Every structure is written in structure tokens, then in C-alpha cells.
Amino acid sequence: MNYIYHMAIKYSLIKGYLLAFILTGLFTSAYCQTEDASSKEVTKKDSLTTASSTSPSQEKKELRMSLNAFKINHDLKLVSRVRSKVEAKFQNTAGVEISFYRDEVKPENLIGKQISNHKGEAYWIIPLAGRPDSMTSLVFYSSVKDHPDYEDAEETVTAYPSKMTINTVEEDSLRLVKIFVGHPDEAGKMVPLADAECKVYVKREFGLLEVTESQTTDADGNISAEFPADVHGDESGNVTIVAKIADNESVGNVEVSSTIPWGIPTKVDNFYSQRELWSARSNSPISLIIIVNAALLLIWGFIAYIFLEIIRINKLGKTN
Amino acid sequence: MESLFSHSDTQHESRHVQVTRELMPRKFSSYGKIWVTTLIFITAVGLYFYIQQIRNGLIITGLRDYTIWGIYIANFVFFVAISLVGSLVSAILKLSNVKWATPLTRISEIIAVASIMLAGLVIIIDMGRPDRFLNVIIHARIQSPITWDVMVITTYLFISVLLLYLPLLPDLALMRDQFKNIPKWQRKMYAIMANNWKNTPGQKKILNKAVKILSVLIIPVAFGIHTVTSWLFASTFRSGWDSTNFGPYFISGAFMVGAAAVIASMYIIRKYYRYENYITLDHFDKMGRLLVLLSLVYLYFNVNEYFIPAYKMKGSESAHLNELFTGIYAPLFWSVQIGGMLIPIAILLFNKGRRPTTMFIVSIMVIVGAWFKRFLIVIPTLNHPFFPKDQAPEAWSHYNPTLAEWCITAGTLAGALLIVTLLIRFFPVIPVVETIEEEDEHTDEEILMHPTINKQIS
């Protein structure tokens with residue numbers, strides 16, 4: 001009887017604790033759900049939208065797409081960008097799979113697929129060197145199809161054949177950047193392109209620095225620009241000169257580059273690359289590494305020894 | 001199997017039984033249950049707000065670009081400080097052969113383990129992205145005091161747990177052998193934890209050696225943990241932190257608050273379990289004297305810490321010091337200095353001040369003062385950066401902890417108390433076997449010293 005009475009008390013206590021935990025859990029989850037709705041509102045305000053799965057009943061969003069082709073040295077770079085509407089404004093859309101096709105949107109013409117990045121852009125690079133079709137116009141497509149959140153979108157671009165060369169010469173203490181721009185005529189023969197606007201830049205850490213004023217090619221397709229003497233290069237004075245033509249009717253977007261030691265050599269301050277206290281983790285002072293590790297080894301060695309002693313106590317107990 | 005005690009005559013045995021019965025852990029009374037439920041509730045509220053913090057980020061706190069360390073870090077420093085008591089009582093006093101501290105060793109180790117566990121947890125709470133915690137270890141920069149802190153906290157936690165566990169072995173064996181009417185899981189837990197302890201001379205020898213090693217080892221690690229924590233501040237060029245005094249200043253403060261925590265726990269345990277025979281008035285008197293000594297040392301470091309910068313009043317320091325002495329933090333600063341240090345010293349200097357109830361009140365004053373002292377160390381300095389506050393919202397210049405921060409902090413404090421409570425519930429808070437052995441030794445000494453009894457024996 002006494003046993004049954006004790007069991008009953010124990011059971012009622014356990015029940016009480018369980019009820020308290022369940023109630024706390026319910027309260028927490030209810031609050032979390034209300035918070036869920038408000039946190040979604042916050043995400044919406046973000047300038048960048050991210051593709052996420054929506055329920056089938058929800059309407060798909062309109063997706064705006066652009067496609068551009070850039071001939072960079074001996075490669076062709078296709079850049080497709082997707083944007084969708086968020087709070088009445090078109091924003092870059094990340095996480096959308098974009099397919100690139102040649103000539104027509106057909107499975108057999110698929111070149112490749114890429115997911116759009118935080119700028120809403122996906123890239124595909126096609127090497128042109130040695131290709132027999134590099135002297136003819138090429139048509140490319142980018143497409144988004146059957147996406148759960150967005151409507152289908154498709155865009156096309158034509159990449160025109162062109163020739164652009166860059167030469168660097170020094171004449172009477174002047175440093176000149178000589179550029180030639182050509183395009184194929186109707187017969188397919190490469191002829192100079194006149195009146196093409198071209199800009200000359202120098203590659204910097206985070207972008208391009210324009211070093212000459214924009215010029216247009218003469219009747220022979222040539223430009224000659226003076227390279228300034230005060231541009232800083234790397235440790236050896238190397239600079240990468242970039243010549244660019246943008247949105248030209250005949251050749252589209254073309255870019256060539258050349259590296260030459262025309263810059264002022266930069267003295268690299270290796271203050272932070274020495275093994276000092278203020279250096280990065282890869283340059284920790286050897287003495288500190290030794291001291292810290294020795295202290296750790298010593299103390300943890302003792303701790304390991306104590307664990308072994310605990311095992312010994314156990315074994316001694318078993319033998320008794 | 002050897003007897004757990006060295007003496008086995010009838011008189012001794014009945015005393016052994018009495019001591020064992022009195023010191024064994026007991027089930028919670030209704031007060032105990034209310035206490036545990038309250039702690040669980042506060043911890044649950046803290047946990048709830050922490051879930052909110054994970055969901056929404058640190059934006060729900062009062063932390064902004066200037067005050068990047070708020071009450072979470074103040075609370076972390078507080079926990080680290082309290083944890084130092086383990087080394088004070090279990091190591092320093094034990095190695096000095098201070099016998100009266102025996103009943104207090106386990107209390108202090110339990111406090112140390114609970115607070116160092118929570119200190120580690122509070123650091124994770126302070127992280128905006130706790131999912132990246134492992135990066136602190138994977139990408140550790142050995143030059144950073146934060147890396148040293150992670151290393152030393154982990155090491156100290158291990159040593160503290162071992163120092164709590166190893167002296168507990170004889171008591172665990174006692175519970176394994178004598179506790180019959182307990183749930184199966186509890187019996188199994190004691191059996192596993194007792195680690196086949198049979199009280200053999202070989203086992204005793206190993207145990208004594210291991211405890212001695214740990215007692216020595218914990219002292220540099222304990223000093224290390226609090227010195228490194230002080231370096232988190234002192235290695236930064238900021239008003240109020242740029243001090244070579246910080247290591248000893250932090251350690252002395254930690255010993256003071258740790259001793260106060262032990263006194264408060266002693267009082268509650270003595271009252272709740274009726275341990276008047278084990279935690280005597282003499283213990284309170286001695287701990288009171290110890291607390292006075294530690295408080296005076298801390299007072300000395302406080303004078304150094306504030307008087308010299310105040311004497312010079314360098315441009316960058318003056319704004320910080322003026323804010324503490326006469327500005328927005330002045331009421332809190334003077335309350336902490338007077339209420340948390342000067343008044344306790346004044347009370348404890350007198351015999352009457354070292355009585356249990358008075359000492360309990362004094363120790364609570366010291367503990368509360370110590371918590372807010374950490375607040376005053378962390379926050380005002382952050383409000384005075386050297387670079388100008390340009391184009392920053394006005395609100396960023398002030399720090400007001402939010403309800404979420406207070407609740408999470410209260411949750412961690414309740415969590416620490418919950419760990420202490422649960423450890424006391426399942427393990428003897430006063431070492432049983434050690435107490436009996438010491439009593440036996442004492443009796444033997446008395447017999448040898450007593451001429452009549454000595455004659456009869458011979």
C-alpha cells in the first residue's frame with residue numbers, strides 16, 4: 001500500500017514537470033512562429049533577392065535577363081544577368097540556374113549551366129584560339145526554364161569576329177601604346193576598322209585605371225597613346241595595360257591586354273609579413289609557438305598522466 | 001576489500017555511521033524543489049531569449065559599434081573570477097596543510113566547475129554567429145590573448161573537474177556500497193563513477209599522488225586563466241585598460257569574490273542540511289579573516305588602478321575617469337567601491353562581523369559588487385574610443401543592456417546555481433571519508449596527548 005502511495009506521488013510529480021516543459025515548449029514555438037513572419041519581412045527589405053522555393057499556388061515572378069559577349073584576348077566571355085521585382089524595384093537575383101546555348105535553345109546546343117551570383121550574374125568562357133569559326137559571327141543564347149519561382153526567360157547575343165592587337169614601343173624617351181583594330185569585310189578578309197572608340201587602362205588591385213583619354217582609330221585602324229611615366233607597377237615595375245572597345249557596331253565588346261615593366265617599381269613593405277606579434281597567424285613568432293605549445297604539452301601531459309592513473313585505480317580495484 | 005576507514009572499533013564505527021548518515025546527499029525538501037524549479041524557470045527564460053538572439057542576431061542586444069562587449073563579457077569575467085576559488089581552497093590551502101578547510105574543499109570545487117563551465121558558455125553567447133565558434137580554434141592566431149583564453153579555460157575546466165572527481169572517489173564508493181534504496185540509474189551512476197574504488201593501499205597511494213599533482217598544477221593554470229582574461233583588456237590600448245597592474249588586480253579581485261561565494265554557499269548549505277557540526281562558527285571566522293585579507297589586497301590594487309591615473313589625469317584617461325568618479329557611472333562606481341569592498345572590510349574586521357548571518361549578508365554584498373565591478377571595467381572604457389565618433393548615431397555612444405541581455409545573463413547565473421544545486425543533490429558536499437579520517441586522526445592525537453589514557457594503553 002505504502003509502495004503504491006509513493007509511486008502515485010512520484011508519478012504526479014513527473015507529470016507536473018512534464019506538463020511544465022510541454023507548456024514552455026508550446027509557448028516558445030508559438031512565439032517563434034510569430035517571429036518567423038516578421039523575420040521574412042526583414043529579408044524582403046534586402047537589396048539582393050535569393051531564389052527560394054515557393055508553394056505551387058504562388059504566382060511565379062517575372063525575371064528580366066540580359067546577355068552580353070566580351071572578347072577578351074583569345075577568349076569569349078558570355079555574361080548573363082538576371083533581375084526580378086522586389087517591392088516594385090528590379091533587384092539582382094542570386095541562385096538562379098542559367099543555361100547557355102549556341103545558335104538555338106536546344107538540348108544538343110547546350111554549352112553549359114551556371115548559377116547566378118550575388119550580382120545576379122552568371123559567366124561562361126569560350127576559348128577562341130585556333131577555332132575555325134572564330135572569323136564568323138557567333139550567336140549565343142542564355143535561358144532560364146522551369147524555375148519554381150520565376151517565369152521562363154531567354155536572351156540572345158551575337159559575338160562579332162574581330163582582331164585587336166596591342167604593341168608597346170619606346171620612341172625618343174616616349175612610351176607609346178599602339179593598338180590596331182580590324183574586322184573581316186564581306187569577303188572574310190581582315191581589314192582595318194576606322195572610327196572605333198578605344199580606351200586604355202592599367203590594371204589595379206580592384207579594377208581598371210584609365211591612363212589616357214579615349215581615342216578613335218584612324219583609317220588604318222590604329223591608335224597611338226602615350227603611356228604616363230608616373231604609374232606604379234609591381235615590385236619589378238610590371239604593369240598590365242588593357243585596351244578596350246565597348247559596344248561597337250562592327251566588333252562589339254573587345255579587350256586586349258599586355259604586361260610590360262613600364263611602371264614605377266613598388267617597394268613592398270613586409271612589416272606585416274615578418275614573424276612578429278602583430279603578424280597574421282601564418283607568421284607567428286617561433287619563440288611564442290614554442291612557449292605556448294611547450295606549456296600546453298606539459299600541462300596536458302600531466303592531465304593525460306592523471307587519466308592513466310584513474311585507469312590504474314580501476315584495474316587495482318578489479319584485482320582486489 | 002579494505003574498510004573505507006582506518007579505525008574499526010565500536011565507538012568509532014557508530015561515529016562513522018553517524019557522520020556518513022549526516023553527510024550523504026539527500027533528496028530535495030519542498031524548499032529545495034521550489035529553488036530548483038525557480039532556477040529551471042529563469043534558465044528557460046534565458047534560453048528562450050538566447051534562441052531569439054540566434055534567430056535575429058545581436059541586434060536584439062544593446063551592443064553596437066562602440067560597446068561591442070556588454071554585460072555578457074562582464075558576466076564572463078565574473079564567472080572566471082568566481083572559478084578561481086577552486087584553486088584557492090582546494091589547492092593553496094590544502095598544500096599549506098590547512099586542515100580546517102577540509103569541509104570547504106568540495107563546495108569550492110563545485111563552485112569552480114559550475115562557474116568555469118558557464119564562463120565558456122557565456123563566451124559563445126556573446127558571439128553573433130555561434131555556428132562559427134570552431135573557427136576560433138581552426139583559425140586560431142597564437143599571438144592573440146583570445147586564443148590563450150580558449151586554451152586556458154579548457155585546461156582549467158579539465159583540471160577542476162578532475163580535482164572535484166578524484167577526491168570524490170572514496171565517497172562514491174561509499175554511496176555505491178551503502179545506498180540501496182535509490183533508483184537504478186543512480187546506483188549505476190555511482191558504481192561507474194566509483195571506478196572500482198576498494199580503498200586498497202595501492203589505490204590510496206595513487207589517489208593521493210594524483211590529487212597532489214592536480215593541486216600543484218591548478219595553481220599556475222588558475223593564475224593563468226585570470227591573468228589571460230585580464231590581458232584581453234590590458235593588451236588593448238584603451239583608457240582604463242592600458243595597465244600593467246591588470247593581471248594581479250584581476251586575480252586579487254577573483255580571490256575575493258571566490259571566497260565570498262564560498263561563504264555564501266557555506267551559509268546556505270549549513271542552514272539547509274543542518275551541518276552546524278561540520279561547518280562551524282570557527283570556519284566562518286577563518287573564512288571571514290581570509291576574506292578581509294583578500295579584500296584588503298584588492299583594495300590596494302584598486303588604489304593603484306585608480307589613484308595613479310587620476311593623479312596624472314592624462315587627456316585620454318580623464319574623460320574615462322571623470323565618467324567613473326563624477327559622471328554617469330559615478331553612483332554605480334561608488335556603490336561598488338564602498339558597498340562591495342569598504343563596508344565588507346569594515347564589518348569583517350570585527351569579531352561580531354564574522355558571525356554566519358552577518359557574513360552571509362557581507363558576502364552577498366561582495367558578490368553583487370564584484371559583478372558590477374566587472375561591468376565598470378568593461379563598459380565605460382568602450383564608450384571612450386580614441387578615434388572620433390564620426391557620423392555615428394547618438395544612441396551608439398551609450399550602452400543600455402536590453403531585456404534580452406538581462407534575461408540571458410540571469411539565465412546563465414541561474415544555470416550556474418542549478419549545476420551547483422544538482423551536484424550537491426547527488427554528491428556529498430562535505431567529503432565524508434576525509435572528514436571521518438580527520439576525526440579519527442584527531443581522536444588518536446587526543447589519546448596520545450592525554451596522560452591517563454596513554455598510561456592505560458601502555
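This is a short tutorial dialogue on reading a predicted model, chain by chain and feature by feature.

Me: Where do I start with chain A, and how many helices and strands are there in chain A?

Reply: Start by counting elements. Chain A has two helices and 18 strands. Next, look at burial: of its 320 residues, 21% count as buried.

Me: Strands need partners, I think. How do strands of a sheet pair?

Reply: The general idea is that strands of a sheet pair through backbone hydrogen bonds, either parallel or antiparallel. Now take a case from chain A: an open sheet of four strands, in the order β6-β5-β8-β9, with antiparallel pairing. At its edges are β6 (110–115) and β9 (153–159), each of which pairs on one side only. From one strand to the next, the twist averages 20 degrees.

Me: Which residue of β8(A) is the bridge partner of A:Ser99?

Reply: Look for A:Ser143, the bridge partner of A:Ser99 in β8(A). Strands β5 (residues 97–102) and β8 (residues 138–144) of chain A pair in the antiparallel sense over four bridges.

Me: What do β13(A) and β14(A) form?

Reply: They make a hairpin, with two residues between the strands. β13 (residues 197–204) and β14 (residues 207–210) of chain A run antiparallel and are joined by four bridges. To find your way along the hairpin, spot A:Lys203, which stands opposite A:Leu208 in β14(A).

Me: And loops? Where is the place of A:Asn73?

Reply: A:Asn73 lies in the loop between β2 (63–72) and β3 (75–86) of chain A. Check its backbone angle too: phi is positive, about 50 degrees, although A:Asn73 is not a glycine.

Me: Why does A:Asn73 count as partly exposed?

Reply: Count the neighbours: A:Asn73 counts as partly exposed because it has 14 C-beta neighbours inside 10 Å. Chain B offers another case in B:Asn97, a residue other than glycine with a positive phi near 60 degrees. B:Asn97 sits in the loop between α4 and α5 (102–126) of chain B. With 7 other C-beta atoms within 10 Å, B:Asn97 is exposed.

Me: Now helices. How are two packed helices described?

Reply: In general, two packed helices are described by the angle between their axes and the distance between the axes. In chain B, try α4 (residues 85–95) and α11: they pack at an angle of about 75 degrees, with axes 8 Å apart. Angles of 65 to 115 degrees count as roughly perpendicular, so α4(B) and α11(B) are roughly perpendicular to each other.

Me: Which residues in α4(B) meet α11(B)?

Reply: They are B:Val85, B:Leu88 and B:Val89, and they meet B:Phe255, B:Gly258, B:Ala259, B:Ala261 and B:Val262 in α11(B). By class, this contact has seven nonpolar, one polar and no charged residues.

Me: How many residues has the largest nonpolar core?

Reply: That core has 125 residues, and among those with the most contacts inside it are B:Val85, B:Ile111 and B:Val262. Helix α11 (residues 246–273) of chain B gives the most to this core, with 16 residues. A second, separate core has 20 residues, including A:Val181 and A:Cys198.

Me: Last one: how many residues does the contact take from chain A and from chain B?

Reply: It takes 24 residues from chain A and 29 residues from chain B. On the side of chain A that touches chain B, α2(A) gives the most, with 16 residues. The residues of that side divide into 12 nonpolar, seven polar and five charged.

Technical notes
Residues numbered from 1 in each chain as written. Chains lettered and ligands numbered in written order. Predicted model: local features only at pLDDT ≥ 70, side-chain atom pairs only at ≥ 80, totals over all residues. Buried ≥ 20, exposed ≤ 12 C-beta atoms within 10 Å, placed from the backbone. Contact = placed C-beta atoms within 7 Å. Nonpolar A, V, L, I, M, F, W, Y, C, P; charged D, E, K, R; others polar. Core = buried A, V, L, I, M, F, W, Y, C linked by C-beta atoms within 7 Å. Axes fitted to C-alpha atoms, helices over the stretch in contact; angles between N-to-C directions. Parallel < 35°, antiparallel > 145°, perpendicular 65-115°, else oblique. Pairing = 2+ DSSP bridges.
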